[in-house]
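Subject: Handing over the structure

Dear colleague,

Here is the structure we spoke about, with its sequence, so that you can open both side by side. Please look through them once before reading the notes underneath.

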Amino acid sequence: MLSLDGKVALVTGASRGIGRAAAIALGRQKAYVAINYAGNELAASEALALVRAAGGDGEIMRFDVGAAAAVEAAISDLGKRKGKLDILVVNAGIAMDTLLLRVTEEQIQKTFSTNVSGALFCTKSAVRLMMKKRVGRIILLSSVVAESGNPGQAVYSASKAALLGLTKTLAREYASRGITVNAVAPGFIDTDMTSTLPAEAKAAIVAQTPLGRVGSPEEVASAIVFLASDEASYITGQTLRVNGGMYV
């Protein structure tokens with residue numbers, strides 16, 4: 001039984017997609033879930049309502065993961081109010097797909113600010129709280145393209161590959177403090193980020209996936225809950241691939 005009763009979790013970018021599914025799944029296991037969002041308060045409030053309907057509780061927290069001071073203030077405040085932070089799910093991310101020769105400096109900076117700097121700022125603040133209790137679970141959301149590559153996603157794949165290196169390094173740095181750090185690398189998942197792809201592009205991706213279908217946010221969320229649980233206490237520095245066999 002993957003019970004998280006009494007645990008305090010923070011999920012970044014949790015107002016929609018995989019982040020929302022992860023928040024709900026954590027709530028279903030009785031965790032208290034802080035739902036981070038950047039701008040859509042209504043969507044975040046809806047996610048919180050779903051967490052509560054699933055049997056958990058929580059709150060919404062608005063801050064930009066790419067702003068170091070805002071991240072530190074928000075996570076520090078959560079720790080003071082709840083007395084701890086047991087689980088951090090770094091999910092907030094953006095993708096601006098285009099061929100390398102068309103990529104702008106602004107697109108590179110914005111993608112890395114959210115996907116990489118955001119992960120660094122959030123994990124740095126979370127580790128401070130987790131070290132005090134000598135226990136913690138950190139899960140970083142990477143992507144199948146971090147390992148396989150994908151034309152038109154040079155910046156996105158580079159940012160997601162950076163998270164795999166971060167996972168391995170943090171796992172080594174904080175294992176002695178009881179903190180595990182792992183990555184989840186989803187494949188083609190049915191989310192807002194993928195909904196704009198043309199039908200023929202989706203069909204081509206599915207054709208490359210041995211299981212022959214698109215994944216759901218809930219399937220990724222199940223992997224996140226496992227890594228957040230006591231059942232995964234001897235797993236750290238690893239990447240759990242939820243991709244239907246797209247990359248093996």
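The notes below go through what was found, beginning with the interior and ending with a loop. Please keep in mind as you read that this is a predicted model.

The interior

The largest nonpolar core has 35 residues, and those with the most contacts inside it are Leu 26, Ile 35, Ile 139 and Ile 224. Several elements build this core by giving at least two residues each, namely the strands β1 (8–11), β2 (32–37), β4 (87–90) and β5 (136–141), together with the helices α1, α2 (41–53) and α9 (217–228). Ile 139 is a good place to begin looking, and once residues up to four places away in sequence are set aside, its contacts include Ile 87, Leu 88, Val 89 and Val 90, as well as Ile 224, Leu 227 and Ala 228. Asn 182 and Val 184 are also among the residues that Ile 139 touches. Another core, of 29 residues, lies apart from the largest one, and among its members are Val 71, Ala 126, Val 127 and Leu 129.

An arginine in a helix

Is Arg 20 buried or exposed? Arg 20, which belongs to helix α1 (residues 17–28), has a relative accessible area of 19%, and it counts as buried because that value falls under the 20% cut-off. The side chain of Arg 20 reaches two backbone oxygens, that of Ser 15 at 2.9 Å and that of Ala 43 at 2.8 Å. If neighbours within four places in sequence are left aside, the residues in contact with Arg 20 are Ala 14, Ser 15, Ala 43, Glu 46, Ala 47 and Leu 50.

Salt bridges

How many salt bridges does the structure hold? There are eight, and a few of them are worth finding on your screen. In one, the side chains of Lys 84 and Asp 86 meet with an N to O distance of 3.3 Å; here Asp 86 is buried at 7% relative accessibility, while Lys 84 is partly exposed at 25%. In another, the side chains of Arg 241 and Glu 147 meet at 2.7 Å, N to O. This pair links distant parts of the chain, with Arg 241 in strand β7 (residues 239–242) and Glu 147 in helix α5 (residues 145–148), 94 residues apart. Arg 241 counts as partly exposed at 39% relative accessibility, and Glu 147 is likewise partly exposed, at 26%. Glu 219 and Arg 213 also form a salt bridge, at 2.7 Å from N to O, with Glu 219 partly exposed at 33% and Arg 213 partly exposed at 42%. Finally, Glu 59, Asp 77 and Arg 81 are joined into one network by salt bridges that share partners.

An arginine in a loop

Where is Arg 134 found? Arg 134 sits in the loop between α4 (105–133) and β5, and at 48% relative accessibility it counts as partly exposed. The side chain of Arg 134 reaches the backbone oxygen of Ser 176 at 3.0 Å, and, with neighbours within four places in sequence left aside, Arg 134 is in contact with Ser 176, Arg 177 and Gly 178. Measuring from C-alpha to C-alpha in the model, you should find Arg 134 and Leu 166 to be 20 Å apart in space, and they are 32 residues apart in sequence.

With best wishes

Definitions and conventions
Residues numbered from 1 in each chain as written. Predicted model: local features only at pLDDT ≥ 70, side-chain atom pairs only at ≥ 80, totals over all residues. Heavy atoms only, no water. Helix = DSSP H or I, 4+ residues; strand = E, 2+ residues; numbered from the N terminus. Buried < 20%, exposed > 50% of the residue type's maximum accessible area, 1.4 Å probe, protein only. Polar contact = N/O pair within 3.5 Å; in protein donor to acceptor, adjacent residues only side chain to side chain. Contact = heavy atoms within 4.5 Å. Core = buried A, V, L, I, M, F, W, Y, C linked by side-chain atoms within 4.5 Å. Salt bridge = Lys/Arg side-chain N within 4 Å of Asp/Glu carboxyl O.
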